[in-house]
Amino acid sequence: MVMLRRTVPLLGALLLSLAGPTAAQSQEVRVYSGRHYSSDNAIYERFTKATGIKVRLLESNDSAIVERLRSEGLNSSADVLILVDAAKLANATELGLFQPIGSAELMRDVPLSLRDPKGRWFGLTRRVRAFAVNPKLVNPASLKTYADLAKPALRGKLCLRNRASVYNQSLVADQLILRGEPATRAWIRGMVANLADEVYTSDTVMARDVARAICGVGVLNSYYVARMLSGQTGSADRDSAQKLRIIYPNPVHVNVSGAGVTRHAKNRSQAIRLIEFLTSSTAAEGFAQASFEYPLQGFGNNPILSRFGTFTPDGLSAAQLGAKAKAAVKLMADNGWQ
Amino acid sequence: MTVSWRQNRLNLMAVVVLISLLALVPLLALGWDAWLGREPGTSLSLGSEGQLQLQNTVAMVLGEGVLGGVLGTAIGWLSAACDFPGRRMLRIAQLLPMAFPAYLQAASLIDWGSHQGLRINGLGWAIAMLSLANYTYVFLLSHESFSAAGHSLLDASRSLGVGPWRSFWRVALPMALPAIGAGVALSAMEVVNELGAVRLLGVPSLSAGILDRWQAEGDAAGAAVLSLVALSIVAFLVAAERLLRHRSRRWNLAGSGVSKPLWQLKGWRSVLAAGLVALPPLFALLIPALWIGSGWEALRSPGSAELLPLVWRSLGLALAATGVTLGAALLLAIVRRWSPQPLVRQLSFVAGLGYAVPGSVLALGLIVLGGPLALSPLLLLLWGYGDRFLAVSKQGLDAAFERIPPSVDEAAISLGSSWSAVLRRVHLPLLRGPVLVGGLLVFVDVVKELPLTLSLRPFDFDTLAVRVFQYASDERVGAAMAPALLIMLFGLIAASALIPSLEKR
C-alpha cells in the first residue's frame, strides 16, 4: 500500500509529461480527424512550415469523434473536424457540430456539389466506387451502370464488401435516391444472389480474389487497386492488380472526405487557414499522390490514376446522401446484404 | 475496539459503493443517452439479425470456452507440476499469444491466406483465433492454482497408490476448478466483447451488432437491447463460475514453505508435453512470421523517432492503469472478505460488469459522461481502463482469497490486528502470486487495448495499439507489424519479469 501511495502521483506526473505542452499556444489548430493515413501528416507538416501554425491531431474513428465533439460542446478544444464519407458529414452538420464560414477562397476552390451550401464543411478529396473486373470471367464492356451488377449473367461472379462498409452504405443511399426503393431492393437482392463467396471485410483481399478469378467483378474504391499497382503492398499485389480492369460506371457515385470549423472553435482563423490550405491545389496533389484519392476538381496528375480514365459524377450532394443513410442500411440488412 | 471495527467496516462499505458507482455510471449515462435519443416506433425485439448475432456469439463463447479451457488447463498443469525440457522458457512464452493484438493477428492471417488463395473467414476460424488469443487467462490462473494448491495432498494421493492421471482428475483438478472457472469466465467475456478480429473474420456478433445498430442504423434502443443480451450472457458466465467455486470450496494455505518436487517426464512423454505447451506460442509467432515471409516487400517500419514516444505513452498508460485497477480490485476483495453480506457481493459483482461491455460501447458511455463535465481525457481514459479491466484482476484475487482459511484472519484479529494490518502482514504476502498475475494481465491488456484508447485519448497522444489499428484499418498490414511486435515484446518482458518471481515463494 505504501508503495502504491508513492507510485500513483509519480505515474500521474509521468502521464502529464507525456501529453506534451498543454498550455494554449496562440499559433495552433486542433484537429479531430476520422482519416488515418500516415501520408496526411506530411501535408499538415507542410502547412505548419508555410504558416507557422502548429497542427495538433487526434485521429479516431468517425462515430467516436462525432460523439465526443457532441458531448464536449462548449468545452471542446477541437477547432477542425475532418470526416470521411458524405453521409457522416451530413450527419455532423445536422447535429450542429460545424459553424458556417464565408471564405471566398473556399467557395472558389470547392465545387458546390462537394461542400455544404451554407459553408459549414468543405470537401477535401474524392473517392469513387468502381468495378474491378477480371476480363477472363466478365466482359468489361457489359458493365455500364451499378444496375448491371444485379444481372443474372453475373450469377456466382460478383464479390462485395460487407454491409458495415460506409462506402457501400453511401452507394445504396445513392441508388435509393436515383432509382427509388423498389428498384433498389430488387437490385440488392439480385446482387446478393450473384455473390461468388461470402461478403469481404477487406477491399485488398477482395481485389486479389478478383484477380485470381474467384469472382469476375468486385465493387471497391479505386484507390485500393491504385495502391496495389504502385507496388507499396508488394510485387505480388502489383502483378494481381495488373490483371484487373477498373471500370467507372456512368454516372459514378462519388464519395468525399471533408473538413469544417467546429461550432465552438477557439482558433477560428487558424482553422479556416488550415481548411483553405487542405483544399488548395498544392495539398490536393499531396492527397492524391499519397493516398490515390481524386482531387476536388479534375482527375489529378497521378500516372496510376490516369490509367483508370475519367468519370462522370452523378452529382448528388452529401446532404441528399446523408438523408437516406439510415434507410439504406436498413434496406441492406432486410435484403440479405451481410 | 468494537467501535473502531464498525467504523472501519462502514468506511470499507463506502469504498465499495464508490467503486461500483464509478464502474456503473458510464453504462447508466449511456442508457440515459439511448433513452433520450430513441426514435418512436423502434422495435425492441432481437429480429432475425439479432438472433443470428446471438447464435454466433454463443457459439464462439462455447467453442472458445472448451478449446481455450482445455488448452489452458492442460498447459497450466504440465508446466506447474511436471518437468520437461524447456519448461521455464515455454511457460513465459505462454503470454505471447495474448500480447499480440487479436485484430492484427486476424488481419495478418487473412492477408497471408489471401496471398496463398486461402479464404480465412467465418465462425470456425474465429473460434480458433479467439482460443489462441484468450487461453492464456485459463493458463495463468490455473497454473498459479496448480502450483500453489495442495501439493501435499497430491503427494498423499500418490503415496496411497493413486496413479498420476487419477491424482490429476480426483485431486488436482477439483482443487483448481475455481481458478479454471475464473479463467474460462474471463476468456469468455473477452470473446463476448471482442470486436475487431471477429468483424474482420466476417462473423456477425453481438458486439458488432450493438455498434452497428447504434451508429449506422441510429437505433439506440435496439442497441441497448443487444447490450442487455450480451450482459446476461456474461452474468450467466459469472454465476456459473461462482457455482463451481462454491462446489469445490476447499481452504488451503498456499506455499507453506514446503519445497515441491516436480514430476520428471521422460522419453516420449516429455516430448509430447513440450510439444503441446509450445504449440500456442508457436502459432502466435507463426502467423506474423508467415506474413513477414510472404509480405516482406510491404514491411515498413516507422523510425525510432516516431516509435519511441508511442512506446513511452503505452507503457505510462499501462502502468498507471494497472495501479488503479489493482488497487480497486484489492479493496473490493478485502471488503468482501470482512463483510460477506449479500449487498457487498452484489455490488462487487456490478463493479466487474464493465468487462462485459464491448470497449467501444464503454468508450461511448465515458464520452457522454466526460464531455459535458470537461473531464481531462487522461482521467477518463484511466477511468475506462479501470472499469474495463477491474474484473481481470478481481477474478483471480477472489478465487485466491477463498483459498485462505478464515481461521487465519480470526487468529490475527484475536491477536489485536486491524484489518489493514491483517492485509499487510497476512493477506498480501499470501496473495502475492494472484496480485502479480492480475497486474500482469491488466498491464498486457491495457498495452494492446484499442477502443477506449482510440476514442478517449488527448491530442497528439497516439500509442502503439492506436498506430497498429490505424495502419491495419487502412489495410496496411506491413506498416502495422513493427508496433504490434513491440506490444508483443512488452508482454514478453512483463511475463519474464513476473513469472519467475512466482516460483520463488
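Q: What share of the 338 residues of chain A count as buried?

A: In this predicted model, 54% of the 338 residues of chain A count as buried, a residue being placed in that class if 20 or more other C-beta atoms lie within 10 Å of its own.

Q: Why is A:Val133 called buried or exposed?

A: A:Val133 has 24 other C-beta atoms within 10 Å, and the class of buried residues begins at 20, so A:Val133 is buried.

Q: Where does A:Val133 lie in the secondary structure, and which residues is A:Val133 in contact with, leaving aside its neighbours within four places in sequence?

A: A:Val133 belongs to strand S4 of chain A, which covers residues 122–133. Its contacts beyond the neighbours within four places in sequence include A:Val138, A:Pro140 and A:Leu143, and among them are also A:Gly216, A:Val217, A:Leu244, A:Arg245 and A:Ile247.

Q: What makes chain A as compact as a globular protein of that length?

A: The radius of gyration of chain A is 22 Å, and the globule rule gives 20 Å for 338 residues; the two values are close, so chain A is as compact as a globular protein of that length. The secondary structure of this chain comprises 15 helices and 8 strands, and its C-alpha atoms fill a box of roughly 70 × 55 × 40 Å along the principal axes.

Q: What share of the contacts in chain A with a separation of 6 or more is accounted for by residues 24 or more positions apart?

A: Such residues account for 78% of those contacts, where a contact requires C-beta atoms within 7 Å.

Q: Which domains does the assignment give for chain A, and how many residues of each take part in the contact?

A: The domain assignment gives domain 1 (27–125 + 254–299) and domain 2 (127–253 + 305–334), with 27 Å between their centres, taken over C-alpha atoms. The contact takes 18 residues from domain 1 of chain A and 24 residues from domain 2 of chain A. On the side of domain 1 that touches domain 2, H4(A) provides the largest share, 6 residues, and by class that side has 10 nonpolar, 5 polar and 3 charged residues.

Q: How many residues of chain A are in contact with chain B, and what does H1(A) give to that side?

A: The contact involves 52 residues of chain A and 47 residues of chain B. H1(A) gives the most to the side of chain A that touches chain B, with 7 residues, and by class this side has 19 nonpolar, 19 polar and 14 charged residues.

Conventions. Residues numbered from 1 in each chain as written. Chains lettered and ligands numbered in written order. Predicted model: local features only at pLDDT ≥ 70, side-chain atom pairs only at ≥ 80, totals over all residues. Contact = placed C-beta atoms within 7 Å. Helix = DSSP H or I, 4+ residues; strand = E, 2+ residues; numbered from the N terminus. Nonpolar A, V, L, I, M, F, W, Y, C, P; charged D, E, K, R; others polar. Rg over C-alpha atoms; globule rule 2.2 N^0.38 Å. Buried ≥ 20, exposed ≤ 12 C-beta atoms within 10 Å, placed from the backbone. Domains from an automatic or database assignment.
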